[in-house]
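Open your viewer and get ready to click through a protein one selection at a time. At each stop, you will read what to select and what to look for.

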Amino acid sequence: MHLKNLSLLNYKNLKTAEFDFDEKINCLVGNNGVGKTNVLDSIYLLSFGKSYFNPITSQNINHDSDFFVVEGEFKKNDKAEKILASAKKGQKKIIKRNNKAYEKVSDHIGFIPTVIISPADRDLIIEGSETRRKFMDGVISQSDQSYLNKLLQYTKLVSQRNSLLKYFAANNTFERDTLEVYNLQMSSLGQDLFEKRKEFLKEFIPIFNKRYADITNNKEIVDINYKSQLFDNSLANLLEENLQKDMALQYTSVGTHKDDLSFEIEGHPIKKFGSQGQQKSFLIALKLAQFDFIKKISKVNPILLLDDIFDKLDENRVAHIVALVATDELGQIFLSDTHAERTEKVVKSSNQSYKIFKL
Ligand SMILES: Nc1ncnc2c1ncn2[C@@H]1O[C@H](COP(=O)(O)OP(=O)(O)OP(=O)(O)O)[C@@H](O)[C@H]1O
């Protein structure tokens, strides 16, 4: 699978831009702030229906305009697939495949498998559990629509249950039967999500460990630990046991929406005990493992977006990744960098076709 061409209208700072891409390697070069990352982000948008960097769609419309249109033509299984994403201020975003609008954006997830590696990934280590849950859910959802649908239903139920708890508090009332309806549905869905996450991590962690060992030449042991309240108790019991607490807090304090992943190096949290370099290697390994996992399930090479890749890796390591394109381990890749010569030197050494776009 690859992206043949891309046209942008009013996407962030890019008022109009057109690209005819190489099937293998594409490099976007230019000074800081010209819009290299925004081009990669527009490809991400065509895959996930939202920006990687700013999920608030209206903020991705160029400041001088009131709409954006991003359109790309992909080739997947020898078929042309035209994907369009557009948004107008005050209106719902539209995603179309071959001129037909999706009813739900979530139906598009997984159709154009894509992985992005960016300096913004450090949030996965620094930020709270939500970022890591989103990463895990994102990887599973790209290869499992039923998981995504259950996750969306579960999230909606948590928010409805929270509203109900607020309503009880505001009106000094309590309706056990109504609450029971939410508890029952939440328990069943939450338990399914928990089982699927466990199953996923069992497969994913060894892939991740292998990638980390490759990147660092087996320097140190890293691990990912799944943290969930559901290991010790069923969600049905947890909801029951925490009822008084939830009533006082006016939100649902237990469930799979509280799960987390603990990223560890030599048995200690990498956030506190990992060097800058170790953290960067950890993140690259995580994303390449995402690539491997999605490729295994979907049987296509995901598109790989490497934003500011020299931020994370030295020239030799970038050359090593780019060389994988030749072995068919990778499909189409997009790189952004401020140094045109450095990028050209690295991609030339791969002996693959490539294109350089100067912004
Ligand atoms: N909605 C918007 N309208 C206009 N400009 C925007 C909008 N959103 C972001 N920008 C601008 O886009 C520019 C950033 O572009 P981008 O991050 O793609 O740059 P870059 O070439 O990747 O830079 P760097 O090399 O620093 O990473 C900034 O100048 C930012 O102000």
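The tour goes from the ligand to a hairpin and then to a sheet with helices across it.

Before you start, note that this is a predicted model, in which local features need pLDDT of at least 70, side-chain atom pairs count only at pLDDT 80 or more, and totals for chains, interfaces and linings use all residues. Residues are numbered from 1 along each chain as its sequence is written, and side-chain values use heavy atoms, with hydrogens and water left out.

**Stop 1: the ligand**

Select the ligand and the 15 residues around it; a residue belongs here if one of its heavy atoms lies within 4 Å of the ligand. Gly-33, Lys-36, Thr-37, Asn-38 and Ile-61 come nearest. Now colour this shell by class: you should find two nonpolar, eleven polar and two charged residues. In this scheme, Ala, Val, Leu, Ile, Met, Phe, Trp, Tyr, Cys and Pro are nonpolar, Asp, Glu, Lys and Arg are charged, and the others, Gly among them, are polar.

Next, show the backbone of Gln-59, where an N or O atom lies 3.0 Å from a nitrogen atom of the ligand. Then click Ile-61: one of its polar backbone atoms is 2.9 Å from a ligand nitrogen. How much of the ligand does the protein cover? The protein covers 70% of the 650 Å² of accessible area that the ligand has on its own, by the Shrake-Rupley method with a 1.4 Å probe.

**Stop 2: a hairpin**

Select β1 (residues 2-11) and β2 (residues 14-20). Strands here are DSSP runs (E, at least two residues), as helices are (H or I, at least four), numbered from the N terminus; two strands pair if DSSP finds at least two bridges between them. Six bridges join β1 to β2, which run antiparallel, and Leu-9 has Thr-16 as its bridge partner in β2. Two residues separate the strands of this hairpin, and Lys-12 in the turn has a positive phi of about 50 degrees.

Add β4 (residues 67-76), which pairs with β1 in the antiparallel sense over seven bridges. Look for Asn-5, opposite Glu-73 in β4.

**Stop 3: an open sheet**

Finally, select the three strands ordered β9-β10-β11, an open sheet with antiparallel pairing. β9 (222-227) and β11 (268-269) are at the edges with a single partner strand each, so one side of each has no neighbour in the sheet. Six bridges join β9 to β10 (residues 260-265); to see one, find Asn-225 and its partner Ser-262 in β10.

Key:
A polar contact is a pair of N or O atoms within 3.5 Å; within protein, one must be able to donate a hydrogen and the other to accept it, and residues adjacent in sequence count only if both atoms are side-chain atoms.
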